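Here are my notes on the model, set out as numbered points. Please keep the structure open while reading them.

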Amino acid sequence: MPATKDLRIGIIGYGFMGRTHSNAYKQVPQFFDSPLRPVLKAVCGRDANNAKAFAERWGYESIETDWRKLIARDDIDAIDICTPNNTHAEIAIAAAEAGKMVLCEKPLAMNLKEGQEMVDAIEKAGVPNTVWYNYRRVPAVTLAKQLIDEGRLGKIFHYRANFLQDWTISADLPQGGAALWRLDAAAAGSGVTGDLLAHCIDTALWLNGKITDVSAMTETFIKERKHNLTGKVEKVGIDDACAFLCHFENGSLGLFESTRYARGHKALYTLEINGEHASIRWDLHDLHRLEYFDHRDDSLVRGWRSVHITDGDMPYMKHWWVPGLQIGYEHTFIHQFADFLDCAAQGKPCPPTFRDALATQAVCDAVLDSAEQKKWEDVVPV
């Protein structure tokens with residue numbers, strides 16, 4: 001094995017995403033060979049006791065309660081942003097200006113203008129960067145990309161995706177605060193569009209190319225909720241549900257839907273792509289399988305096949321277990337960080353970069369504008 005160099009990580013935020021990322025940092029060296037070795041240097045959070053408990057559990061060497069002090073430290077090489085959306089820009093720009101590598105949770109920003117400022121800062125600094133759109137690293141989805149790029153589907157006609165949840169249906173659920181910031185427009189920017197559809201959009205842009213224009217509708221089913229920070233009943237500014245049509249640059253049509261008001265669905269993310277020769281479909285609830293239909297098969301055996309993504313020649317799987325044994329959600333972050341280390345060591349960009357994520361932000365902005373204006377909106381080129 002080649003000699004390794006330490007990559008000293010400072011993570012900001014210790015919630016759900018902080019755990020998924022920290023798990024990736026600890027697991028990558030156990031399963032992937034890389035010239036860079038992650039060192040968990042510091043965790044930053046506003047509550048010192050919570051930050052200390054997180055650091056002890058995951059093995060971080062120290063804590064900070066001010067992200068500016070974390071960025072200023074000479075013993076930190078990379079900043080990982082796992083904070084609410086309204087803080088991404090300020091932290092990422094400051095980290096880039098300090099010469100740190102930057103890994104940022106999705107969506108990139110609150111809006112396209114803010115996202116452009118982040119991209120400008122990152123590219124001016126020339127620092128390695130990535131945005132955690134982790135579903136690209138599901139082996140089945142990566143295999144779908146491979147099949148499309150090989151031309152197996154032929155000309156693409158349709159792309160459809162949805163992301164359905166049901167956790168915000170109760171009118172008693174408050175908005176705002178540490179656990180419920182996704183319901184507060186001031187912290188999240190949008191609702192399901194930026195939180196859930198952004199994942200669908202990123203995957204679609206990666207698999208099927210640019211989206212040129214959109215026609216969307218959104219709905220906020222519960223108009224007012226108590227705010228955890230003010231204690232007052234306030235207007236809800238996020239979208240609870242969103243659906244949109246679109247055109248792709250390659251001539252195909254798209255149909256996307258997301259909601260947090262779909263009883264029985266906790267995280268149903270599905271996609272289907274129909275092409276001239278073949279179709280594929282994938283379901284997050286069965287993430288280790290890719291369904292594939294090829295019209296060129298002999299008619300006697302033609303039909304949908306369920307491909308079990310566990311063999312060593314399938315994306316990422318050679319790093320894990322023997323064929324037939326599955327991996328899960330947490331591995332998507334491990335794969336992305338392993339790719340990030342390889343790219344950083346080689347001086348190559350690790351997609352999705354900030355600029356890649358800006359393209360997703362442009363679609364999200366167009367979707368929200370379309371829903372508000374009740375008309376087709378062009379997606380701003382980035």
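1. Two strands count as paired if DSSP finds at least two bridges between them. Strand β14 (residues 278-283) and strand β15 (residues 289-294) meet this with 4 bridges, and they run antiparallel. Within this pair, A278 stands opposite D294 of β15. Bear in mind that the model is predicted.

2. β14 and β15 belong to an open sheet of 9 strands. Read across the sheet, the order is β16-β15-β14-β13-β7-β12-β11-β8-β17, and the pairing is mixed. The edges are β16 (305-308) and β17, each of which pairs on one side only. In a regular strand, side chains alternate between the two faces of the sheet.

3. Which strands does β8 join through bridges? On one side of the listed order is β11 (residues 241-248), joined to β8 by 8 bridges and running antiparallel to it. There, M217 stands opposite A243 in β11. The edge strand β17 (residues 377-378) is also antiparallel to β8, with 2 bridges between them. Here D213 has D378 of β17 as its bridge partner.

4. β8 also takes part in lining a pocket. Rolling a probe the size of a water molecule over the atoms shows where empty space is left. The second largest pocket holds about 380 Å³ of space. It is lined by 18 residues, and those closest to its centre are L205, K210, I211, A359 and V382. The elements giving two or more residues to this lining are α8 (192-208), β8 (211-219) and α10 (354-373). The largest share, 5 residues, is that of α10.

5. What classes of residue line the second largest pocket? The lining has 9 nonpolar, 6 charged and 3 polar residues.

6. Helix α5 (residues 112-125) allows a simple check of length. Its 14 residues should span 20 Å at 1.5 Å a residue, because the expected span is 1.5 Å times one less than the number of residues. The end C-alpha atoms of α5 are 20 Å apart, which agrees.

7. Which residues of α5 are buried? They are L112, E114, G115, M118, V119, A121 and I122. Buried here means under 20% relative accessible area. The buried residues of α5 pack against α4 (88-97), β5 (101-104), β6 (129-131) and α10. Helix α10 therefore appears in two of these notes: as a packing partner of α5, and as a contributor to the lining of the second largest pocket.

Notes: Residues numbered from 1 in each chain as written. Predicted model: local features only at pLDDT ≥ 70, side-chain atom pairs only at ≥ 80, totals over all residues. Heavy atoms only, no water. 1 Å grid on protein atoms, 1.4 Å probe; cavity = no way out; pocket = protein on both sides within 12 Å on 5 of 7 lines; lining within 4 Å. Points joined across faces, edges and corners; volume = space filled by probe spheres on them. Nonpolar A, V, L, I, M, F, W, Y, C, P; charged D, E, K, R; others polar. Buried < 20%, exposed > 50% of the residue type's maximum accessible area, 1.4 Å probe, protein only. Contact = heavy atoms within 4.5 Å.
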